[in-house]
Amino acid sequence: MGIDRRSFISLVAGGVAGSLFTPVIWKSLDDVSIWTQNWPWIPRLQYGEEAKVPALCKLGADAYGMKVKTVAGRPVAAEGDADHPLSQGGICPLGAASVHMLYSPSRVKNPKLKDGSSFKDISWEEAEDLLAGKLKEAGAGVAMISGDETGSVTDVLAGLVGKAGSDKTFLMPGESAPAAAALAMIGGDGQVGYDIENASYVLLLGADALGSWGNVARNGKAFGASREKGVKFVYAGPAQNGTSAVCDSWVPCAPGTEAVLALGLAAVISAGGRDRASWPGYADFAKFVQSAYAPEKVSEITGVSVDVIKGLAQELVRTGRPLVLTAAGAGQGLGAFEMAAGMSLNLLLERVNTVGGVRILPWSPKVVESAPEKKALLAADLAGYLTSVADGATEAPALLMVHAANPAYAMPNLAKAQAAIDKAGFVVSFSSFMDETAAMADLIMPDCYAFERLDDAYSPYGSGQPNYTVAGSIIKPVYDTKPAGDVILSVAAKAGLELGFETFEDVVKAKAEALGADFDAMVEGTPWLGEEFPAQDLALWATPLKEIPVAAKDGKSLALAPASQLKVGSAKVAIPPFNTNAIRFDEMLGKDMYVLMNGATAKNLGVKKDDAVKLSAAAGECKARVRIFEGVMNDTVVAPLGFGHTAWDDFSRGKGDNVYKLLAAEAEGETGLSRFATARVTVSKA
Amino acid sequence: MAKCKSCVVLPFLIGLVASIVLGWWGFPKVLYSQKTQPIRFDHVVHVEDQAMACEDCHAFREDGSFTGLPTNANCVGCHEDVQGEDPDEARFVTEYVQQEKEVEWLAYQTQPDNVYFSHIAHKELECTSCHPDVAKMKTPPVYHENRLSGYSKDTMKMWQCEECHAKTGASNACFVCHK
């Protein structure tokens with residue numbers, strides 16, 4: 001029997017019919033449908049034991065304990081730590097995004113050496129040898145900048161610089177320095193904190209306490225508790241914000257003049273009937289404020305009516321435990337004298353170094369012998385130094401080391417700061433991310449990210465009680481990075497500048513021992529809390545009194561109110577990739593950021609909603625769009641900090657403009673600290 | 001005419017039978033690749049010789065989740081160093097424990113990520129209702145991987161879940177398994 005056409009068709013037909021009784025078709029269809037769901041770019045869940053591990057968040061200006069949820073040892077989410085005094089279960093927007101940042105496209109994945117206009121990868125051994133060589137060459141021409149004022153890595157880095165014979169050790173601008181200097185002006189010595197939980201009336205003079213200032217998570221918890229306790233929160237500032245929205249009242253006050261309001265309140269209170277003649281320095285102080293800061297004059301400067309000034313003064317006097325928090329709207333830029341104005345108001349109300357008032361905490365113990373005292377570290381003014389270097393008045397450092405800081409982005413006198421960094425002989429960045437400063441550096445020795453290293457924090461600014469937190473690593477380094485503390489110690493040894501410690505863990509253990517804290521307990525999530533507050537001998541004031549300089553109104557320019565929002569980053573970090581979704585339609589238009597002004601101000605300027613404008617100041621210019629918001633004072637423009645990055649990643653780069661460009665710093669006579677909270681800008685159509 | 005009938009019927013039957021044979025015998029061989037576990041884990045040695053209980057390695061955590069396959073952390077208590085003469089044990093110690101590398105065990109019943117399966121909700125059932133009875137095996141069974149879907153041949157299909165739920169009166173609502 002041969003195979004003819006008919007037989008062949010029959011064979012095939014039989015085969016097809018038979019296949020219907022097999023799984024071939026049905027199983028294939030099913031599996032193909034599953035196959036279409038298995039694209040390689042679809043992420044897979046990783047299963048394993050779930051745990052909550054103590055960690056530290058230092059992405060904002062604050063440092064606080066939080067819990068990181070891990071699955072099979074891999075961090076997947078962050079949440080507040082109910083047992084940590086600075087979290088109390090709360091978390092800030094950057095803390096919430098902290099796990100995502102572990103895998104940020106901005107991470108520097110290995111040591112890099114500048115090669116022309118780009119970088120080439122080098123090994124850790126090469127990087128350490130190179131830095132050790134530069135240290136030997138530089139001698140005492142070494143300088144350092146740190147953005148971590150609570151951690152011991154700063155002590156180690158400052159110790160290395162000190163060991164090399166240099167005193168060029170600087171912290172990024174913040175409010176710890178002017179607050180400490182302000183405390184010194186009234187005879188105190190220590191770190192300034194605020195016992196916000198136990199106050200019965202809280203006056204926030206410029207402090208965006210519920211949005212970006214101080215211990216944000218803790219402030220929020222204190223505010224929440226205050227609702228049940230009947231504690232009144234009053235916010236004085238130039239524009240409505242998240243803090244003013246929930247406070248019991250908002251007192252519109254021109255930006256940067258909150259300290260003037262404080263002295264005006266002091267004038268009214270001191271003019272009251274109470275006899276304080278026996279108080280050290282009181283007579284001169286009362287005479288000064290009553291003559292220089294009469295309510296009418298204060299009203300003229302601040303925009304706060306005389307009646308409101310007198311009403312606030314009465315509330316402060318009548319309340320049992322009032323607390324005044326003085327701060328710049330952006331959390332930086334006040335001079336010591338301005339801080340002291342707020343401090344003196346607390347002193348006048350007998351609210352310094354007492355429960356529910358301003359608390360004076362002991363300084364962090366010094367464990368690295370060659371490092372400067374914390375007080376000395378805070379007194380060194382970075383903006384002034386960089387400006388001086390840029391102007392040629394101070395010799396540029398032969399070696400500049402930058403840790404946890406981004407001075408090429410977040411400094412007043414920004415152009416001069418960048419010029420100074422550019423003039424430095426050799427710049428080393430320990431940044432975990434490709435920030436603007438790392439992009440300018442000659443060598444990047446990437447620090448492990450927060451969850452990949454041991455880290456510590458002693459009493460962040462604003463803490464109402466001495467505290468010390470230590471967090472261990474949660475995960476092995478995702479990339480080829482090393483903890484900066486260990487790298488610095490290793491390099492120091494190679495350069496013959498031994499600091500007395502072999503590992504960074506030894507440094508932290510020494511600090512824990514100095515405090516009487518249990519290192520192991522802290523690593524497991526129990527922070528150390530101190531109960532001792534050093535006694536103070538305070539007076540009103542120990543420094544000559546003078547009027548606070550305020551930029552004069554000229555009828556053309558507007559008062560600039562820089563505003564910080566943690567969701568778009570901080571001085572340390574750019575917009576976390578996942579937080580881009582949190583930028584609202586009324587905060588950005590395309591890639592332009594909005595600046596806010598009220599309708600009357602816009603009308604005077606001849607601009608309307610969505611107009612492209614240019615903000616000009618002596619220090620620089622910014623581009624933005626106009627948004628009309630009636631929650632802004634007259635002749636005031638609110639500009640957001642956190643935009644305008646030129647490095648980092650696609651999620652943050654090229655969005656908006658950098659408002660730091662508008663901030664011009666001037667040196668304060670007595671302290672030498674830079675003040676830049678009062679700036680005026682002209683706004684014109686772009 | 002009779003010749004013509006056989007020319008049609010016989011090839012049809014041959015095609016039918018051949019197709020059925022190939023479909024049931026040949027197709028699975030083509031569809032599934034065969035894999036062996038990275039380490040030949042001998043359950044018998046552990047269960048019978050060492051008198052270990054299943055729960056020593058496959059336990060519920062405090063939060064009710066199931067540990068599933070053990071990690072090196074479970075094993076290093078005994079296997080920090082090589083204990084016996086089994087070459088696979090030696091390989092486990094030198095290539096995984098000492099290198100701090102986890103064994104990529106092949107799971108016979110892993111469900112897709114869009115399926116939420118709770119072991120503790122099924123703890124009344126015998127493990128062997130769904131899993132091979134590996135406790136009696138000196139060598140783990142061969143793992144058959146579906147070349148198209150990528151899943152194990154033994155991965156339970158949705159109809160099997162639904163059938164059991166229906167028979168036992170458990171809910172078959174979507175959200176029971178698809179959160």
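So, straight in: α10(A) and α13(A) are roughly perpendicular to each other. That's in a predicted model, by the way, so please hear everything today with that in mind. The reason for the label is the angle: the axes of α10(A) and α13(A), the latter being residues 306–318 of chain A, cross at roughly 65 degrees, and because 65 to 115 degrees counts as roughly perpendicular, the pair falls in that class. Those two axes come within 9 Å, and the crossing is right-handed.

If you want to click on the contact, on the α10(A) side pick A:G264, A:L265, A:V268 and A:I269. Facing them from α13(A) you have A:I309, A:K310, A:L312, A:A313, A:L316 and A:V317. By type, the contact of α10(A) with α13(A) comes out as 8 nonpolar, 1 polar and 1 charged.

Now stay on α10(A), residues 258–270, and look at its other partner on my list, helix α12 of chain A, which is residues 295–302. How far apart are the axes of these two helices? They are 9 Å apart, and the packing angle is about 165 degrees. So α10(A) is roughly antiparallel to α12(A), since anything over 145 degrees gets that label. The crossing of α10(A) and α12(A) is left-handed.

From α10(A), that contact uses A:V260, A:L261, A:G264, A:A267 and A:V268. α12(A) brings A:P295, A:V298, A:I301 and A:T302. And the mix for α10(A) with α12(A) is 7 nonpolar, 2 polar and no charged. Have a look at A:G264 and A:V268 while you're there: they sit in the contact with α12(A), and they turn up again in the contact with α13(A).

Let me back up a little along the chain, to A:G256. This glycine is in the loop between β11, residues 249–252, and α10 of chain A. Buried or exposed, what do you think, for A:G256? Buried: there are 29 other C-beta atoms within 10 Å of A:G256, and the cut-off for buried is 20 or more. Leaving out residues up to four places away in sequence, A:G256 touches A:A328, A:V550, A:A677 and A:T678. For a sense of scale, take A:A78, which is 178 residues from A:G256 along the chain; their C-alpha atoms are separated by 35 Å.

Another glycine, this time inside a helix: A:G159 is in α6 of chain A, residues 152–163. A:G159 is buried as well, with 28 other C-beta atoms within 10 Å. Its contacts, again not counting residues up to four places away in sequence, are A:V368, A:S370, A:A371 and A:L499. Compare that with A:S87, 72 residues from A:G159 in sequence and 30 Å from it in space, C-alpha to C-alpha.

Okay, zooming out to the whole of chain A. There are 22 helices and 28 strands in it. Its C-alpha trace spans about 130 × 65 × 50 Å along the principal axes. The radius of gyration is 29 Å, which agrees with the value near 26 Å for a compact globule of 686 residues. Of those 686 residues, 58% count as buried. And for contacts in chain A between residues at least 6 apart in sequence, 75% join residues at least 24 apart.

Chain B next. Chain B has 6 helices and 2 strands, and from the N terminus on, the order is α-β-α-α-α-β-α-α. How does its radius of gyration sit against the globule rule? It's 23 Å, well over the 16 Å the rule gives for 179 residues, so chain B is more spread out than a compact globule. The box for its C-alpha atoms, along the principal axes, is roughly 80 × 45 × 30 Å. Just 6% of the 179 residues in chain B are buried. Of the contacts in chain B with a separation of 6 or more, 65% are between residues 24 or more positions apart.

Last thing, where the two chains meet. Here 27 residues of chain A are in contact with 27 residues of chain B. On the chain A side, α1 (5–19) and α2 (24–35) each supply at least two residues, and α1(A) gives the largest share, 11 residues. That side of chain A divides into 13 nonpolar, 8 polar and 6 charged.

That's my tour, thanks.

Methods: Residues numbered from 1 in each chain as written. Chains lettered and ligands numbered in written order. Predicted model: local features only at pLDDT ≥ 70, side-chain atom pairs only at ≥ 80, totals over all residues. Axes fitted to C-alpha atoms, helices over the stretch in contact; angles between N-to-C directions. Helix = DSSP H or I, 4+ residues; strand = E, 2+ residues; numbered from the N terminus. Parallel < 35°, antiparallel > 145°, perpendicular 65-115°, else oblique. Left-handed = near helix turned anticlockwise from the far one by under 90°. Contact = placed C-beta atoms within 7 Å. Nonpolar A, V, L, I, M, F, W, Y, C, P; charged D, E, K, R; others polar. Buried ≥ 20, exposed ≤ 12 C-beta atoms within 10 Å, placed from the backbone. Rg over C-alpha atoms; globule rule 2.2 N^0.38 Å.
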